[in-house]
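Biologist: Walk me through this model. I will ask how each label is earned.

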Amino acid sequence: MKITLDNVVKTFDTFRAVRGVSLEIGSGELVALLGPSGSGKTTILRMVAGLEYADGGRILFGEQDATDIPVRDRGVGFVFQHYALFPHMTVAENIAFGMKVSKRKRSGAEIEARVNDLLVLVKLSGLGNRFPSQISGGQRQRVALARSLAVDPKVLLLDEPFGALDANVRRDLRRWLREIHDELGITTLFVTHDQEEALDLADRVVILDQGKIVQQGTPEEVCRQPNSPFVTRFLGDAHRLEAVASHGRAQVAGGVIELPGVEDGSVEIFVRPADLEWNTAGSIPAVVSRVIDRPDGRRLLASLSDGSLVELDVPPETKVAKGDHGRIAVLRTHAFPRG
Ligand SMILES: Nc1ncnc2c1ncn2[C@@H]1O[C@H](COP(=O)(O)OP(=O)(O)OP(=O)(O)O)[C@@H](O)[C@H]1O
């Protein structure tokens, strides 16, 4: 089922939470809405679900205006971070609930078979008789997903479904969600404020700020070609330098940064830790002010001659210590004219 948002607006009292959002989610696509707190992600999801009404623009399910489709007929499945399971029902009863109250009547045997299939799908076979208090947080979210899938939704809406879980469980669950999505092919809209989660999971990432879409594209497109300082910073650690570009290069902190294709004038330049190399042939002099060891390498905090501090990653075997003098090579940058 394709979903189209056409210039959708939502105002709470006088506050405009969603300011003219246009977006198409293709049939079978997995799209992440990514943005800081308060950027309007949940409000958009709730409007697609029919839990909130847009006061401007249109939302289409396929070719049909969603306002003409009652909420229960939209074929939408939800999983929310705090959408608790019914505590007095077993896992199997929780999954069966939607089928029992659905307009479409199913026999007891049919429901039981479907619950068993879903338990296999979410890798919880054998746990159907447990109560929610007897399983882990990650398992509960898998039950919540199984419950939402039970009624064969055409669209799946997920609002920070793994938000309350620890980092390792989150990573496992999002890989698993991606596998389930690939198997079932349900059109999915996923809300998160976690960049890594969106980039890891989605076919397409839609970045929101203050109720507006500021960029959308594949994870590769938004990472490699962020279109603004906001997106560059929001997607990950980035150090900001101010400089004046001239003939495709700029003087920065006692060195030179190449800026191919950048127009002459005042620019802000962003560099990520992986964009920099600790290299005797580098152009920018620096002094190591701290070394942080990590499982996959070492992160250096290096001070530049202008007093700023940049972070860069070096291989784990690199011999470097606090106070060492060296040079930094800049491998790539994101530069924007200063308005
Ligand atoms: N029912 C409401 N009444 C008034 N204001 C609301 C209501 N719901 C949301 N808002 C406001 O609309 C803005 C967008 O909220 P929304 O929950 O959509 O943001 P979000 O991007 O999902 O944020 P978060 O990541 O914190 O959940 C916020 O400023 C919020 O305070």
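Modeller: This is a predicted model. Start with the ligand.

Biologist: What makes a residue part of the ligand's surroundings, and which residues are they?

Modeller: The C-beta atom must lie within 6 Å of the ligand. Phe12, Phe15, Ala17, Gly35, Ser37, Gly38, Ser39, Gly40, Lys41, Thr42, Thr43 and His193 surround the ligand.

Biologist: Which class counts does that shell show?

Modeller: There are 8 polar, 3 nonpolar and 1 charged residues. Gly counts as polar here.

Biologist: Which element gives the most to the shell?

Modeller: Helix H1, with 3 residues. Strand E2 (15-25) and H1 (41-49) each supply at least two.

Biologist: Now the sheet of 6 strands. Why are E6 and E10 said to stand at the edges?

Modeller: The order is E6-E7-E8-E3-E9-E10, with mixed pairing, and the sheet is open. E6 (76-80) and E10 (212-217) have a single partner strand each, so one side of each lacks a neighbour in the sheet.

Biologist: How do you know that E9 and E10 pair?

Modeller: Pairing needs at least two bridges. E9 (204-209) and E10 are joined by 5 and run antiparallel, so they pair by that definition. Ile207, for one, has Gln215 of E10 as its bridge partner.

Biologist: How do you know that the span of H4 is close to the expected one?

Modeller: H4 has 13 residues, and 18 Å is expected at 1.5 Å a residue. The model gives 19 Å from first C-alpha to last.

Biologist: What makes Leu145 of H4 buried?

Modeller: Buried requires 20 or more other C-beta atoms within 10 Å. Leu145 is among the buried residues of H4, so Leu145 meets that cut-off. The cover over the buried residues of H4 includes E6, E7, H2, H3 and H5.

Note on methods
Residues numbered from 1 in each chain as written. Predicted model: local features only at pLDDT ≥ 70, side-chain atom pairs only at ≥ 80, totals over all residues. Helix = DSSP H or I, 4+ residues; strand = E, 2+ residues; numbered from the N terminus. Expected span 1.5 Å × (residues − 1). Buried ≥ 20, exposed ≤ 12 C-beta atoms within 10 Å, placed from the backbone. Contact = placed C-beta atoms within 7 Å.
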